[in-house]
Amino acid sequence: MKFSDKVYELVKKIPKGKVTTYKEIASVLGTNAYRAVGIAMSKNTDGFLSKGKIPCHRIVASDGSIGGFCGVKTGKPIKDKKKLLIKEEIKFEKNKIINFSEKLFRF
DNA sequence: GGAGTGACTTTTT
DNA sequence: GAAAAAGCCACTC
């Protein structure tokens with residue numbers, strides 16, 4: 001089982017209405033490879049949304065911003081990622097999550 | 001197995 | 001407070 005596979009497993013466990021950061025994921029896995037987490041996601045952007053796969057839109061940067069982008073393969077920009085998060089009761093203010101610490105899911 | 005890369009994070013200008 | 005630099009670690013070639 002690769003590191004990236006573990007990442008996926010964790011990401012899939014994130015409940016609706018919650019988000020997590022790259023750093024959190026790495027931390028849970030007992031490492032500091034935040035970047036590797038991002039890489040893992042970038043290599044598996046296929047089928048992340050309602051396809052029951054990896055909800056990568058629930059992964060955000062440590063400061064509460066959306067960070068990278070989501071839905072590149074689906075042709076949807078960050079804009080829609082934010083919309084999607086708002087739909088899951090996660091509100092934004094200037095590209096940053098409001099009450100971030102409350103929405104953060106720590107496994 | 002060494003070198004380059006990257007959806008990141010923290011610290012310093 | 002925004003922008004740049006440095007530091008991390010897995011992954012690929």
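Let's start at the far end of the chain, with Phe 107, which counts as partly exposed at 33% relative accessibility (buried means under 20% relative accessible area, exposed over 50%, and partly exposed in between, with a 1.4 Å probe and protein chains only). Phe 107 lies in the segment after helix H5 (100-103), where helices are DSSP runs of H or I with at least four residues, strands are runs of E with at least two, and both are numbered from the N terminus. Although Phe 107 is not a glycine, its phi is positive, at about 55°. Most residues other than glycine have a negative phi.

Glu 89 is another non-glycine residue with a positive phi, here about 70°. You will find Glu 89 in the loop between H4 and strand S3 (92-93), where it is exposed, with a relative accessible area of 55%.

A word on what you are looking at: this is a predicted model, in which local features need pLDDT of at least 70 and side-chain atom pairs count only at pLDDT 80 or more, while totals for chains, interfaces and linings use all residues, and side-chain values use heavy atoms, with hydrogens and water left out. Residues are numbered from 1 along each chain as its sequence is written, and chains are lettered from A and ligands numbered from 1 in the order in which they are written. Chain A has a mean pLDDT of 81, and 82% of its residues reach 70 or more; pLDDT is the predictor's confidence in each residue, from 0 to 100. Within chain A, confidence is lowest in helix H4 (residues 78-87), with a mean of 72, and highest in strand S1 (residues 20-21), at 94.

Now for the overall layout. Chain A holds five helices and four strands, and along the sequence they follow the pattern α-β-α-α-β-α-β-β-α. Of the 107 residues in chain A, 36% are buried. Contact means heavy atoms within 4.5 Å. Among the contacts in chain A between residues at least 6 apart in sequence, 63% join residues at least 24 apart.

A good place to look at packing is the pair formed by helix H1 (residues 3-13) and helix H3 (residues 34-42), whose axes come within 9 Å and cross at roughly 80°. The axes are lines fitted to C-alpha atoms, for helices over the stretch in contact, and angles run from 0 to 180 degrees between N-to-C directions. H1 and H3 are therefore roughly perpendicular to each other, a label that covers 65 to 115 degrees, with angles under 35 counting as roughly parallel, over 145 as roughly antiparallel and the rest as oblique. On the H1 side the contact is made by Phe 3, Ser 4, Val 7, Tyr 8 and Val 11, and on the H3 side by Ala 36, Val 37, Ala 40 and Met 41. By class, that gives eight nonpolar residues, one polar and no charged ones; Ala, Val, Leu, Ile, Met, Phe, Trp, Tyr, Cys and Pro count as nonpolar, Asp, Glu, Lys and Arg as charged, and the others, Gly among them, as polar.

From here we can step into the interior. In soluble globular proteins, nonpolar side chains tend to be buried together. A nonpolar core is a set of buried Ala, Val, Leu, Ile, Met, Phe, Trp, Tyr and Cys residues joined through side-chain atoms within 4.5 Å. The largest such core has 13 residues, of which Val 7, Val 11, Ile 25 and Met 41 touch the most other members. The elements that give two or more residues to this core are H1, helix H2 (22-28) and H3, and H1 gives the most, with four. Apart from this core lies another, of nine residues, among them Ile 66, Leu 85, Phe 92 and Phe 100. Val 11 touches Ile 25, Met 41, Ile 54, Pro 55 and Ile 59, not counting residues up to four places away in sequence.

Finally, visit two loops. Val 19, in the loop between H1 and S1, is buried, with a relative accessible area of 0%. Leaving aside neighbours within four places in sequence, its contacts include Arg 58, Val 60, Leu 85 and Phe 100. The C-alpha atoms of Val 19 and Arg 58 are separated by 4.5 Å, although their positions lie 39 residues apart along the chain. Asn 95 sits in the loop between S3 and strand S4 (96-97) and is partly exposed, at 41% relative accessibility. With neighbours within four places again left aside, Asn 95 is in contact with Gly 64, Ser 65, Ile 66 and Lys 82.
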